[in-house]
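Biologist: Could you take me through one loop of this model in some detail, and then show me how the rest of the picture fits around that loop? I'd be glad of a connected account.

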Amino acid sequence: MKTFPLDIVTPTRLIEEGDVTYVRCPGIDGAFGIMANHREGIIALGFGEVKATKDGKEEFFVVAGGFAEITKEKVHLLVETAERSTEIDSSRAEEALERAKARFKETDESSPSH
Amino acid sequence: MANLKDIRDRIKSVKSIQKVTKAMKMVAAAKMRRAQERMEQARPYSSRLQEVINNLLPEVDRDLLPLLAVREVKRVGYVVVTSDRGFAGAFNSNILKTAQAEIDVIGKDDVDLFCIGKKAHDHFERREYTIIDSHLDFWNNLSFSDAMRIGDGIISHFTSGTVDEIHVVYDEFVNVATQETMSELLLPLVFEGSDATPKDRLYEPSKDELVTSLVPRHLNVQMWKYLLESYASEQAARMMAMENATSNAEDMIKDLTLEFNKARQAAITTEMLEIVSGAEALSG
């Protein structure tokens with residue numbers, strides 16, 4: 001199958017994923033896929049999961065806020081944050097979730113009741 | 001003639017100061033290297049983003065974006081980027097001098113300040129300039145979210161019309177020995193007109209919406225760049241200052257040791273003279 005190079009670029013790091021055959025991205029109006037020879041374009045991305053198929057194996061990333069730039073030669077995902085699924089520290093992530101929930105509850109209680 | 005003990009004490013204290021400056025130099029060198037790495041990592045993102053915006057802008061209506069609006073300038077905003085700490089040679093004073101000179105040309109009453117770093121805040125507060133916002137004590141754990149926070153604050157003052165123009169004064173990191181104080185116009189954004197012919201490309205959602213979401217991102221990255229450049233410059237300046245201090249201490253130790261030996265020799269000579277003249281008086 002035809003391949004194309006994929007780069008995930010953030011302000012703090014550059015992930016050069018290499019030659020992939022397929023990428024699924026979280027667009028703001030739903031997920032979309034990119035294969036080789038895709039039409040050129042710029043597509044806004046939301047928050048979510050990126051799936052890249054490389055040598056028949058699937059690799060996952062989580063990205064937030066940005067866009068995909070598709071050119072003839074290459075696909076760039078320019079996003080604010082990106083993390084490879086294998087790098088995610090699940091205990092840290094859960095802690096962050098708890099923190100967010102607590103904060104959510106706090107603001108909920110402090111806001112005036114209707 | 002200085003007392004032998006006094007000289008010995010001074011040598012000791014200079015030596016311990018030298019130890020401190022040496023340690024500070026090494027810490028600054030390590031921090032500078034890290035800052036340089038981060039600058040390298042930020043470059044691909046900012047250059048791609050810039051390129052995409054340059055390609056998009058000719059195809060959208062500029063009135064769409066308040067951040068591109070050129071208004072009549074009534075009030076000017078100045079972002080002054082300094083460090084929280086001193087001991088960095090002329091780093092802070094150069095920035096503050098440049099900033100103050102520019103502000104005084106416009107007139108202190110027509111300028112609102114955003115101070116980044118304690119040195120800028122203290123300097124302008126003491127001189128009673130109008131400070132809208134200050135960001136202190138974040139340099140040690142500098143992260144991209146700081147840049148976003150600071151950037152958003154500054155953007156909001158521009159879009160709300162508090163200020164009609166925003167300048168940034170910061171030190172650009174050229175290399176370890178050279179840092180250049182720069183003053184740049186941050187807002188309204190000016191992009192070099194690209195004469196690229198419109199490409200047959202897919203835009204989702206619309207070009208307008210894309211530009212609206214991209215431009216603030218570009219601004220945040222710009223802010224991130226200023227912070228990283230400034231941080232690297234601060235560390236480089238501190239490294240050089242501490243390097244000089246260490247070698248000055250070395251010179252002082254050399255001079256003091258010479259003085260110590262001279263004083264010691266003089267003391268011995270006097271003592272010998274006393275003994276000899278005493279012996280001569282006895283035999284005579």
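Modeller: Happy to! In this predicted model, the loop that runs between strand E1 (76-81) and helix H2 (91-106) of chain B holds Phe87(B). What makes Phe87(B) worth a look is its backbone: phi is near 60°, a positive value in a residue other than glycine. The residue is also exposed, with a relative accessible area of 62%; the cut-off for that word is over 50%.

Phe87(B) has a counterpart of sorts in another loop of chain B. Asp137(B) sits between strand E3 (131-135) and helix H4 (144-159), and its phi is near 55°, again a positive value in a residue that is not glycine. Asp137(B) counts as exposed too, at 66% relative accessibility.

From here we can go back to the strand that precedes the Phe87(B) loop, strand E1 (76-81). Which residues does His167(B) touch, leaving aside those up to four places away in sequence? The list includes Val76(B), Gly77(B), Tyr78(B) and Val79(B), and it goes on with Glu184(B), Leu185(B) and Leu186(B). His167(B) itself belongs to strand E4 (residues 165-173) of chain B. Its relative accessibility is 16%, so His167(B) counts as buried, the limit being under 20%.

The contacts of His167(B) with Glu184(B), Leu185(B) and Leu186(B) lead us on to strand E5 (179-187), which is followed by a loop that contains Pro188(B) and then by strand E6 (202-204). The peptide bond from Leu187(B) to Pro188(B) is cis, and its omega is near -5°. A cis peptide bond also joins Glu204(B) and Pro205(B), where omega is about -5°. Pro205(B) is placed in the loop between E6 and helix H5 (207-283).

Strand E6 (202-204) brings us to the partner chain. Leu202(B) is one of three residues of chain B, along with Tyr45(B) and Arg48(B), that lose the most area to chain A; together they give 31% of what that side buries. How many residues does each chain bring to the contact? Chain B contributes 21 and chain A contributes 22. About 2,100 Å² is buried between the two chains, and carbon and sulfur atoms give 63% of that area.

Now for chain A itself. Its secondary structure consists of eight strands and one helix, and the order along the sequence is β-β-β-β-β-β-β-β-α. The radius of gyration of chain A is 17 Å, well over the 13 Å that the globule rule gives for 114 residues, so chain A is more spread out than a compact globule. Its C-alpha trace spans about 55 × 30 × 25 Å along the principal axes. Of the 114 residues in chain A, 40% are buried. Among contacts in chain A with a separation of 6 or more, 44% come from residues 24 or more positions apart.

Chain A exposes about 6,700 Å², with 51% supplied by carbon and sulfur atoms. As for charge, chain A carries 22 negative and 15 positive side chains, and the centres of these two sets lie 3 Å apart.

Terms used. Residues are numbered from 1 along each chain as its sequence is written. Chains are lettered from A and ligands numbered from 1 in the order in which they are written. This is a predicted model: local features need pLDDT of at least 70, side-chain atom pairs count only at pLDDT 80 or more; totals for chains, interfaces and linings use all residues. Side-chain values use heavy atoms; hydrogens and water are left out. Helices (H or I, at least four residues) and strands (E, at least two) are DSSP runs, numbered from the N terminus. The radius of gyration is taken over C-alpha atoms; the globule rule is 2.2 Å times the number of residues to the power 0.38. Buried means under 20% relative accessible area, exposed over 50%, partly exposed in between (1.4 Å probe, protein chains only). Contact means heavy atoms within 4.5 Å. Accessible areas come from the Shrake-Rupley method with a 1.4 Å probe; for residues, only the protein chains shown count as cover. Lys and Arg count as positive and Asp and Glu as negative; His and the chain ends are not counted. The place of a charge is taken as NZ of Lys, CZ of Arg, CG of Asp or CD of Glu. Buried area is the accessible area (1.4 Å probe) that two parts lose on being put together, summed over both.
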